[in-house]
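Thanks for passing this one along. Here are my notes, in the order I'd raise them over coffee.

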Amino acid sequence: MESNKQSAFRTIFGMMINPSGVLKNAMLSTKWYFSVLVSALAFGLFFIQTGLDLYKTGQKGIDFVWLSVTTGVLYGMVVIPVMGFFIWIILKLTKSDKTLKVAVSSFCLSYSGALIYGLIGIVFSLVLGWKTSVAFGVTGVLWAIGPMIIVIREMTDGKNSLSILIATGMSVIVITSWSFFGNI
Amino acid sequence: MSENNEAIKDIKTIEKSSSFKKLVRRICFISFGISAFSNPLERLNLYNIFFGILVGLFFGWLFKKFLRGFLGLFNSKFKKEKGKQVIRSAVDNGMLFLAPFAIMVLIATFYLKWSMTSSFISAGIMAVGTSSAIEIGKSKGKQEIRNTIATSGVSFVFSFIWTLSYQYLIKAPAFIEGGVNIIRSMISGGGGIL
């Protein structure tokens, strides 16, 4: 039990600091549902902060806060893995030998940084009453870009340009879709 | 012996800093500058745009120099053996990581109409630090924590400098515009100056 906890902790922080190392070592033993859980929690926390910000300013009611958290969890649980699936198809076209499970897991785990930012943000939002969706939420999603590029590069045997292109496209989709959700 | 040959082979395969990479880096810093100093009331204000370009280019140049300097300092033996090109190539490849952040900050500023740009720039600068350390590690054949600390340290300092100096520099375009307008009115004989 203890070793599992340590492993999860190391995987999440490792993905922020040394994504290529995690991809080579931890990814082999990381369960796919753990990776999906990371992205579901990351987006759940990101979206609930959006709901809380709008609730605090009186623009939305408490129902929107619940809608936000549900949408965020579903976004992390469904939309992000689906994006991972499309990335896997692109990687297959470039003759990558990585499996769908590894591709989706890696892509979901890229949002480890967003989860950490989300956890810190929700504390500041609930305890200190700050508006945190942009300062912590968006920053967390931006932090995911670096690991995502490295993960894709590792899976494409060092194709920098392709990695940057895919990571940019995915991040633009995430930020704009979130912006339209919150009408920010 | 074979290890040496492999290392030499690896060095030879390192991509040389191309003009394309330099162009990408400059465009990224120009994008940061234009977005950060963009006037929300007049997005196409030329004073803001030109000031943003100048600050972006200067900041990018300084960041590149410091990153190269510190990486060279922490890998002096490797640099002496393989030449400056290894450090230069690592930093140039690392700087490519700015591209997604530059595109996103342009979308955030000019499409989504956000005024918050520091998060994009800070995250981009930090990503460059991490990736430069990874690039030099690839050249050496092993990842070293001291390189990650050095590049992350430089990136953190520059991210902090940007955030801090931005609060003061954001006022500059309006002052420059005001000064130019006064000079113009003096030259044309108007402006009520006796």
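The points below cover confidence, the fold of chain B and the contact with chain A.

1. First, the usual caveat: this is a predicted model. The overall scores are ipTM 0.82 and pTM 0.84.

2. For chain B, the mean pLDDT is 87, and 89% of the residues reach at least 70. Broken down by element, helix H3 (residues 46–74) of chain B comes out highest, with a mean of 95, while helix H1 (residues 2–13) of chain B sits at the bottom with 56. Where pLDDT is low, the coordinates should not be read in detail.

3. Chain B is built from nine helices and zero strands. Going along the sequence, the pattern is simply α-α-α-α-α-α-α-α-α.

4. On packing, chain B has 194 residues, and 40% of them are buried. If you take the contacts in chain B with a separation of 6 or more, 67% are between residues 24 or more positions apart.

5. Now the contact between the chains. Chain A puts in 18 residues and chain B also puts in 18 residues. On the chain B side, helix H6 (98–110) and helix H7 (118–140) each supply at least two residues. H7(B) has the largest share of that side, with seven residues.

6. What is the class make-up of the side of chain B that touches chain A? That side has 14 nonpolar residues and four polar ones, with no charged residues.

Notes
Residues are numbered from 1 along each chain as its sequence is written. Chains are lettered from A and ligands numbered from 1 in the order in which they are written. This is a predicted model: local features need pLDDT of at least 70, side-chain atom pairs count only at pLDDT 80 or more; totals for chains, interfaces and linings use all residues. Two residues are in contact if their C-beta atoms, placed from the backbone, lie within 7 Å. Helices (H or I, at least four residues) and strands (E, at least two) are DSSP runs, numbered from the N terminus. Ala, Val, Leu, Ile, Met, Phe, Trp, Tyr, Cys and Pro count as nonpolar, Asp, Glu, Lys and Arg as charged, and the others, Gly among them, as polar. pLDDT is the predictor's confidence in each residue, from 0 to 100. A residue is buried if 20 or more other C-beta atoms lie within 10 Å of its own, exposed if 12 or fewer, and partly exposed in between; C-beta atoms are placed from the backbone.
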